[in-house]
Amino acid sequence: MNVAGESEFKYLINYNNININGYDTLKFYDFNINGGSLSNGLIYASDADFITISSSQFNNIQSDNNLIEFSNFESVIVENSKFGYDAENTITNNLFNLSSGETLELSENHFINNTSTNGSIFFAVDINSIAIESNNKIENNESAKGGLYFKNSNELNIVGTTFNNNISTGNGGALLIENVASTLIENSSFNINQALNGGALSVLNNAGGNVGGNVGVLTITNSTFTGNASNENGGAIYAYGLSKVTINTNNGLTTFTNNGEVDETKTQNGGAIYIDKVSIVELSDLTFTNNTCSTNGGAVAVVNSVSNG
């Protein structure tokens, strides 16, 4: 189906290959997509200003490409929807693939039981401002490049989100964040996630790597990290090449418990936290319990950085 203009889609069941161009406003409400094998994905939209997916379910879908793809937009909102909740989705590339937009908002969604063989569950690149808020749950997903992967953004705020049992063969079991100017993670929990580096999350500035000349600020507060592990560095958190990393407690509690080993995954350095080539490191009011690694830094390893914690 190919459409253009302004429209609202409701109660669409088992429809394949929706291609949309040039709409000002697109609204997808009460979708129930259950089952299907696709060669070119499910929804593609470009040059639409405002896009909303709400109160919808996408289950038991196989796709050889990106399942949902939006590009060149003003705003995307995904709310109160379930992906893989009742039956696993298996995607070759990314379940969501978003590029070149102004704002992205996720709230009250469940991303559960999804597999991406070559990509991520949610990939967003060149989006100016991203807000992941209000009780999102990301659980039991497997990916090659982080569960949620955000790249080349100005601002990323993650608040009140749960990440459980996510596995990545690359960096960032639950979250992979790359070249983002400012990242805030608050009142969130990360439990039993696994990856190559950063069992729960990896935050990278691949344009950096020289202390004093880096960009990218990471702030984590009032969050819990339990039972996460990596094969290499950072059982829970891996940070590289940033200008500043601040992990603290602000009228709450930030804890790291039993990180560093999950099943056959055993962290080499930094059982809870591994920080490399960061200009300023501030760690305060944190609680570490039973974190382990095989080499250096059972709880924390800070290398090639300036630490104020």
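Two strands are said to pair if DSSP finds at least two bridges between them, and strands themselves are DSSP runs of E with at least two residues, just as helices are runs of H or I with at least four residues, both numbered from the N terminus. In strand β35 of this predicted model, the bridge partner of I237 is I273. The model is predicted, so local features need pLDDT of at least 70 and side-chain atom pairs count only at pLDDT 80 or more, while totals for chains, interfaces and linings use all residues. Residues are numbered from 1 along each chain as its sequence is written, and side-chain values use heavy atoms, with hydrogens and water left out.

The protein as a whole has zero helices and 38 strands. Strand β35, residues 273-276, runs parallel to β30 (residues 237-240), to which four bridges join it, and four bridges also join β35 to β38 (residues 300-303), again in parallel. On this second side, I275 stands opposite V302 in β38. The side chains of β35 alternate, with I273 and I275 pointing one way and Y274 and D276 the other, and all of them are buried, where buried means under 20% relative accessible area, exposed over 50% and partly exposed in between, using a 1.4 Å probe and protein chains only.

Of the 309 residues, 54% count as buried. The largest nonpolar core, a set of buried Ala, Val, Leu, Ile, Met, Phe, Trp, Tyr and Cys residues joined through side-chain atoms within 4.5 Å, has 65 residues, and L175 is among those with the most contacts inside it. Leaving aside neighbours within four places in sequence, L175 is in contact (heavy atoms within 4.5 Å) with residues including F150, F163, I185 and L201. A second, separate core of nine residues includes Y149, L176, L204 and Y238.

Loops, too, can hold buried residues, as two cases show. N193 lies in the loop between β24 (189-191) and β25 (194-195), and it counts as buried because its relative accessibility is 0%. Not counting residues up to four places away in sequence, N193 touches, among others, F163, N165, A200 and N228. G260, in the loop between β32 (254-257) and β33 (261-262), is buried with a relative accessible area of 3%. Beyond its neighbours within four places in sequence, the contacts of G260 include N228, A229, T265 and T292. Although G260 and C293 are 33 residues apart in sequence, their C-alpha atoms are 5.5 Å apart in space.
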